[in-house]
Amino acid sequence: MSIENGDKSLIPDWDAELEKLTGQSVDESFARHDEENYEQPAEVLTASGSDEASGGEKTPLITVNYGISIEEEERAFKLFQKLFVTKKNIVKTVLFGLAAAAFAVQIIMGKGDSISWGLMTVCLAFIAVVWITPVRVRKFLMQALEALKDDRYVLRVFDSGFEIETIIPQEDIEIASEIDKAEGDDDDEDIEKRLKPETSKYSFDRLGLKLVETDEMFMIFVGKETYHILPKRALNRELATSFEISFIPKFSEHIKA
């Protein structure tokens with residue numbers, strides 16, 4: 001009530017009260033507090049800021065910077081086809097092979113006509129296409145990936161998931177920038193955003209997530225249509241141990257091919 005009425009004689013002297021309790025003046029107290037903060041390690045002072053910068057995630061448990069050669073891309077794609085394409089092609093081959101055999105029997109027994117010849121030819125042609133198509137797709141894909149052979153990737157593993165970032169070579173950015181500037185676009189930042197793919201982020205509990213391991217690489221499958229490659233040559237002994245502890249056990253499905 002006295003404060004509301006403006007009676008200043010009843011307002012406590014907070015500075016004096018603080019000095020009685022701490023034995024220090026207000027100025028000394030704040031000065032010492034700042035000195036203690038400056039003596040702390042940098043990571044302690046910036047820990048909360050680091051969490052905010054990573055979208056709430058903690059510091060990565062594992063970080064791997066690596067590149068992928070065209071030969072590794074081809075081996076990985078062959079494995080992808082073996083796991084998800086070859087089995088389907090075998091089933092199609094058996095079905096159309098049986099149909100072609102049935103028409104062939106009719107022709108041999110003299111019961112076939114031009115239609116039987118035509119259908120048998122179609123079945124055999126379909127079988128040929130089934131096995132030629134994967135080879136052609138792989139050939140065209142390798143040609144397309146030739147332009148990406150200098151790209152670098154960064155894998156960051158967290159406790160609840162992981163992310164893979166693509167690092168575009170500076171030379172590619174400069175070339176694209178020159179082309180765009182010639183066309184009237186002067187925004188370098190906008191050019192880099194268009195060139196650089198978004199960072200792929202996955203949770204370990206995502207459905208369809210599968211880890212396939214070979215002697216040369218890890219393949220992280222996201223469903224049946226998307227996969228990421230991590231060559232084992234990018235892992236030194238320490239990183240390999242970290243993978244065994246903090247990465248591989250996170251996958252509910254781990255296959256050694």
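**Close-up views of a predicted model**

**View 1. Leu98 and its nonpolar neighbours.** Let's start with Leu98, which sits in helix 6. Please keep in mind throughout that this is a predicted model. Is Leu98 buried or exposed? Leu98 counts as exposed, because its relative accessibility is 58% and the cut-off for exposed is over 50%. Together with Ile90, Val94 and Trp131, Leu98 forms a nonpolar patch on the surface. These four residues have about 380 Å² of accessible area together. Which helix gives the most to the nonpolar patch? That is helix 6, spanning residues 86-108, with three residues.

**View 2. The whole chain, for orientation.** Before looking at other details, step back to see the chain as a whole. Its secondary structure comes to 10 helices and eight strands. The chain has 257 residues, and buried ones make up 28% of them. About 17700 Å² of the chain is exposed, with carbon and sulfur atoms supplying 55% of that area. Now think about contacts between residues at least 6 apart in sequence: 63% of them join residues at least 24 apart.

**View 3. A salt bridge between Arg233 and Glu72.** Side chains of opposite charge can pair when their charged atoms come close. A search of the whole structure finds eight salt bridges, and one of them joins the side chains of Arg233 and Glu72, with 2.7 Å from N to O. Where do the two partners lie? Arg233 is in the loop between strand 7 (226-231) and helix 10 (237-246), while Glu72 belongs to helix 5 (residues 70-84), so the pair ties together parts that are 161 residues apart in sequence. The partners also differ in how covered they are: Arg233 is exposed, with a relative accessible area of 54%, whereas Glu72 is buried, at 8%.

**View 4. Glu253 meets Lys210.** Here is another salt bridge, in which the side chains of Glu253 and Lys210 come together at 3.8 Å, N to O. This pair links distant parts of the chain, 43 residues apart: Glu253 lies in the loop between helix 10 and strand 8 (254-256), and Lys210 is in strand 5 (residues 209-213). Glu253 counts as partly exposed, with 37% relative accessibility. Lys210 counts as buried because its relative accessibility is 16%, and the cut-off for buried is under 20%.

**View 5. A small network around Arg156.** Which residues are joined into one network by salt bridges that share partners? They are Arg156, Glu163 and Glu165. Within this group, Arg156 forms a salt bridge with Glu165, and the closest N and O atoms are 2.7 Å apart. Glu165 is buried, with a relative accessible area of 13%.

**View 6. The hairpin of strands 6 and 7.** Strand 6 (residues 217-222) and strand 7 run antiparallel and are joined by six bridges. The two strands form a hairpin, with three residues between them. One residue to find in the turn is Gly223, which has a positive phi of about 75 degrees. Which residue stands opposite Phe218 in strand 7? Look across to Leu230. In a regular strand, side chains alternate between the two faces of the sheet. Strand 7 itself is mostly covered, as five of its six residues are buried. The loop after this strand, leading to helix 10, holds Arg233, the salt-bridge partner from View 3.

Methods. Residues numbered from 1 in each chain as written. Predicted model: local features only at pLDDT ≥ 70, side-chain atom pairs only at ≥ 80, totals over all residues. Heavy atoms only, no water. Helix = DSSP H or I, 4+ residues; strand = E, 2+ residues; numbered from the N terminus. Buried < 20%, exposed > 50% of the residue type's maximum accessible area, 1.4 Å probe, protein only. Pairing = 2+ DSSP bridges. Contact = heavy atoms within 4.5 Å. Areas by Shrake-Rupley, 256 points an atom, 1.4 Å probe, with all protein chains shown as cover. Patch = residues over 30% accessible without salt bridge, like charges linked within 9 Å, V, L, I, M, F, W, Y side chains within 5 Å.
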